[in-house]
Amino acid sequence: MPEDKPIPSSQAQWFAIKTPKDKAAETFLADKCEEVFFPTQTLKTEGKKDRRKAVIPHVLFIKTTAENALDLEQQGRKNPLLSIPFWIYRHPGDNHIQIIPQASIDLLRLLTSDNTSECRIYTGHEFRANQYVRITGGLYQGYEGYIQRVKKNKQVLVKIEGVCMVLLPFIHPDLLLPLPTPTEVQA
């Protein structure tokens with residue numbers, strides 16, 4: 001398959017990469033992967049041009065085959081002048097590259113769209129810190145995470161394994177379902 005053609009989606013998966021040149025990597029990988037997602041937010045400053053800021057500095061997500069991802073990573077290490085060096089996130093404790101679930105990418109897309117609001121959980125429901133919950137409705141339906149106190153507000157924290165933690169925008173407590181923690185379920 002030619003290197004500059006997108007990979008068919010039936011074979012492609014999402015991978016997180018770390019690179020010192022995130023914007024250049026986004027451009028370089030655009031025609032070598034089926035899709036490249038660079039989570040950013042737009043910063044608006046009065047009297048100045050809007051600017052794009054990385055949500056997770058130096059981290060991008062690429063949708064391609066594992067074989068193509070590893071090949072591109074190797075090319076960047078062998079010849080950084082012709083390629084952009086990057087490193088694929090691997091599972092802790094072994095050297096296997098980590099697949100990022102589509103649901104995690106969807107969540108990051110929701111959170112980095114220009115119409116999100118600050119995340120808060122409110123009213124009189126008795127959720128405690130570190131309680132594991134599932135969101136049962138709205139934009140974030142199906143996501144699971146832990147209740148955390150941030151600046152005196154309770155918010156839901158969702159972990160994207162090995163890459164980052166995401167603090168969700170406002171979720172009404174009526175849309176939260178308490179669950180046993182994943183470790184309690186395994187015991």
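These are my notebook entries on salt bridges, a charged patch, a helix and a loop in this structure.

**Entry 1, the model.** I noted before anything else that the model is a predicted one, and I kept that in mind for each entry below.

**Entry 2, salt bridges.** I searched the whole structure for salt bridges and found seven of them. I then looked up three pairs.

I began with E26 and R52, which form a salt bridge whose closest N and O atoms are 2.5 Å apart. Because E26 belongs to helix α1 (residues 22-29) and R52 to strand β4, this pair ties together parts that are 26 residues apart in sequence. I also checked the cover of R52, and with a relative accessible area of 37% R52 is partly exposed.

Next I turned to K32 and D31, whose side chains meet in a salt bridge at 3.5 Å, N to O. K32 has 12% relative accessibility and so counts as buried, whereas D31, at 38%, counts as partly exposed.

For R90 and E73 I found a salt bridge with the closest N and O atoms 2.9 Å apart. This pair links distant parts of the chain, since R90 sits in the loop between β6 (87-88) and β7 (99-100) while E73 sits in helix α2 (residues 66-78), 17 residues apart. E73 counts as buried, at 2% relative accessibility, and R90 is partly exposed, with a relative accessible area of 23%. I added R77 to this entry, as E73, R77 and R90 are linked in a network of salt bridges.

**Entry 3, a charged patch.** Where on the structure do K23, K48, R51 and K53 gather? I found them on the surface, in a patch of positive charge. I looked further at K53, which lies in strand β4 (residues 51-54) and counts as partly exposed because its relative accessibility is 39%, between the limits of 20% and 50%.

**Entry 4, helix α3.** Which residues of helix α3 (residues 102-112) are buried? I listed S104, I105, L107, L108, L111 and T112. Why are these residues on the same side of α3? They cover an arc of only 160 degrees around the axis, and therefore they lie on the same side of the helix.

**Entry 5, the loop after β4.** I placed P57 in the loop between β4 and β5 (59-64), and with a relative accessible area of 48% P57 is partly exposed. I then compared P57 with K21, and although the two are 36 residues apart in sequence, they are 9.8 Å apart in space, C-alpha to C-alpha.

How values were computed:
Residues numbered from 1 in each chain as written. Predicted model: local features only at pLDDT ≥ 70, side-chain atom pairs only at ≥ 80, totals over all residues. Heavy atoms only, no water. Patch = residues over 30% accessible without salt bridge, like charges linked within 9 Å, V, L, I, M, F, W, Y side chains within 5 Å. Areas by Shrake-Rupley, 256 points an atom, 1.4 Å probe, with all protein chains shown as cover. Salt bridge = Lys/Arg side-chain N within 4 Å of Asp/Glu carboxyl O. Lys, Arg positive; Asp, Glu negative; His and termini not counted. Charge placed at Lys NZ, Arg CZ, Asp CG, Glu CD. Helix = DSSP H or I, 4+ residues; strand = E, 2+ residues; numbered from the N terminus. Buried < 20%, exposed > 50% of the residue type's maximum accessible area, 1.4 Å probe, protein only. Arc of directions from axis to C-beta.
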